[in-house]
Amino acid sequence: MRIHQRENASRANGPGQRAVIWTQGCTLACPDCFNPETHLNQSGQDVDVAELVDWLLAQPAELEGLTISGGEPFQQPSALAALLTAVRSQSHLSILVFTGYTQKELLAIPSAAQTLDNIDLLISGRYIASQRVASSLIGSANKTAHFLTNRYTIADLLTVPEAEIWINPDGSVTFSGIHPLQW
Ligand code: SF4
């Protein structure tokens, strides 16, 4: 899987403490996208799905779930399907995926239906800056939260902080969340 970044202790990318994988590569070109450095699919790094699964399974027990963001995760449909199938079958982790596609568009992508079966919460739709909301994991009002299992409800989204900051070992700073502070 081509990824941009991963973190193992996020609080602003879904309910509870979560691992986050940002995929690399997106051609959807939403104006004013909040994560343009994830667009080029030549950037980032290739990581075996098996390595990502091992990394997730090695995390502390308090980890509640995995969030996949982007980039556009469904532009790597086979790798995404393999990753989420493995995580679902080998762990208790909840699975949240952000996508710029609508649910209808996803159903036209090979293997996406199988992938949806392994997702608890899907946040779907393009980011439209003029409809910016930036709360409860929804970037713009046109986006839809699909509760695909009974693991979460809208009340869980209200508990998610809108932003967080990590100080990295090399001293660099990473801003994350639906309303990152450098916006
Ligand atoms: S789908 Fe997401 S990553 Fe891609 S351009 Fe739109 S907001 Fe940016």
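Reader: Which side chains does the polar contact of 3.2 Å join?

Author: Those of Asn-118 and Thr-85. Keep in mind that this is a predicted model.

Reader: Where does Asn-118 lie?

Author: In a loop. The loop runs between α4 (112-116) and β6 (121-124).

Reader: Is Asn-118 buried or exposed?

Author: Compare the relative accessible area with the cut-off. Buried means under 20%. Asn-118 has 13%, so Asn-118 is buried.

Reader: Which residues is Asn-118 in contact with, leaving aside neighbours within four places in sequence?

Author: Leu-84, Thr-85, Arg-88 and Ile-95. Thr-85 is also the partner in the polar contact.

Reader: Now a helix. Which residues of α1 are buried?

Author: Start with the general idea. An α-helix has 3.6 residues a turn, so residues three or four places apart point the same way. Now take α1, residues 49-57. Val-49, Leu-52, Val-53, Trp-55 and Leu-56 are buried. They cover an arc of only 160° around the axis, which puts them on the same side of α1.

Reader: What covers the buried residues of α1?

Author: The cover includes three strands, β1 (2-10), β2 (18-23) and β4 (65-69), and the helix α2 (77-90).

Reader: How many helices and strands are there in the chain?

Author: Five helices and 11 strands.

Reader: What radius of gyration does the chain have?

Author: Set the chain against a compact globule. With 183 residues, such a globule would have a radius near 16 Å. The chain has 15 Å, which agrees. Buried residues make up 50% of the chain.

Key
Residues numbered from 1 in each chain as written. Predicted model: local features only at pLDDT ≥ 70, side-chain atom pairs only at ≥ 80, totals over all residues. Heavy atoms only, no water. Buried < 20%, exposed > 50% of the residue type's maximum accessible area, 1.4 Å probe, protein only. Helix = DSSP H or I, 4+ residues; strand = E, 2+ residues; numbered from the N terminus. Arc of directions from axis to C-beta. Contact = heavy atoms within 4.5 Å. Polar contact = N/O pair within 3.5 Å; in protein donor to acceptor, adjacent residues only side chain to side chain. Rg over C-alpha atoms; globule rule 2.2 N^0.38 Å.
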